[in-house]
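Please find below a short note on charged side-chain pairs and on how two helices pack. The points are numbered so that each can be checked in turn.

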Amino acid sequence: MERSAQVIDFAYLEGFLAGDAAVIREVLALFTAQADVWRAGLNAGREGWRDVAHTVKGAARGIGAPILAEACERAEFGDEAALPDAQAALSEVVAAIEARLAS
């Protein structure tokens, strides 16, 4: 299985959005636009990082990115040591989305 398929389940998103390509592109573009803000917030030095982890967890579940959702859940309910995994998973999802949008 291709790594991007493990990072984000595009079939899930397509099914959830009834295959509407324009809406799918818009949702993915919005996700990537928010990613820089989220990445900055997933930092132990920032107040409210647990809230950011919670937000990203929900967004990740909404687009079919379970690895990111799980990493954010570990951070949200664990401690700041889990934040680097959440940041890395966010970067992987963004890369997979960018590759999908470019194709």
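1. A salt bridge is counted here when a side-chain nitrogen of Lys or Arg lies within 4 Å of a carboxyl oxygen of Asp or Glu. The model under review is predicted. By this rule, 4 salt bridges are found.

2. The side chains of Arg 61 and Glu 73 satisfy the rule, with an N to O distance of 2.5 Å. Arg 61 belongs to helix 4 (residues 49-63) and Glu 73 to helix 5 (residues 66-77), so this pair ties together parts that are 12 residues apart in sequence. Arg 61 is partly exposed, at 45% relative accessible area, and Glu 73 is also partly exposed, at 30%.

3. How do the two helices joined by this pair lie relative to each other? Two packed helices are described by the angle between their axes and the distance between the axes. The axes of helix 4 and helix 5 come within 8 Å and cross at roughly 155°. Angles over 145 degrees count as roughly antiparallel, and helix 4 and helix 5 are therefore roughly antiparallel to each other. The crossing of helix 4 past helix 5 is left-handed.

4. Which residues meet where helix 4 and helix 5 touch? On the helix 4 side they include Trp 49, Ala 53, Val 56 and Arg 61; on the helix 5 side they include Leu 68, Cys 72, Glu 73 and Phe 77. By class, this contact has 9 nonpolar, 1 polar and 5 charged residues. Arg 61 and Glu 73, the salt-bridge partners of point 2, are among the residues in contact.

5. A further salt bridge joins Arg 100 to Glu 14, whose closest N and O atoms are 2.1 Å apart. Arg 100 is in helix 6 (residues 83-102) and Glu 14 is in helix 2 (residues 10-16), so the pair ties together parts that are 86 residues apart in sequence. Arg 100 is partly exposed at 33% relative accessibility, and Glu 14 is partly exposed at 29%.

6. Arg 39 and Asp 36 form another salt bridge, at 2.9 Å from N to O. Both residues lie in helix 3 (residues 21-41), where they are 3 residues apart, about one turn of the helix. Is each partner buried or exposed? Arg 39 counts as partly exposed, at 26% relative accessibility, whereas Asp 36 counts as exposed, at 55%. The cut-off for exposed is over 50%, which means that Asp 36 falls in that class.

Conventions. Residues are numbered from 1 along each chain as its sequence is written. This is a predicted model: local features need pLDDT of at least 70, side-chain atom pairs count only at pLDDT 80 or more; totals for chains, interfaces and linings use all residues. Side-chain values use heavy atoms; hydrogens and water are left out. Helices (H or I, at least four residues) and strands (E, at least two) are DSSP runs, numbered from the N terminus. Buried means under 20% relative accessible area, exposed over 50%, partly exposed in between (1.4 Å probe, protein chains only). Axes are lines fitted to C-alpha atoms, for helices over the stretch in contact, and angles run from 0 to 180 degrees between N-to-C directions. Angles under 35 degrees count as roughly parallel, over 145 as roughly antiparallel, 65 to 115 as roughly perpendicular and the rest as oblique. A crossing is left-handed if the near helix is turned anticlockwise from the far one by less than a right angle, and right-handed if clockwise. Contact means heavy atoms within 4.5 Å. Ala, Val, Leu, Ile, Met, Phe, Trp, Tyr, Cys and Pro count as nonpolar, Asp, Glu, Lys and Arg as charged, and the others, Gly among them, as polar.
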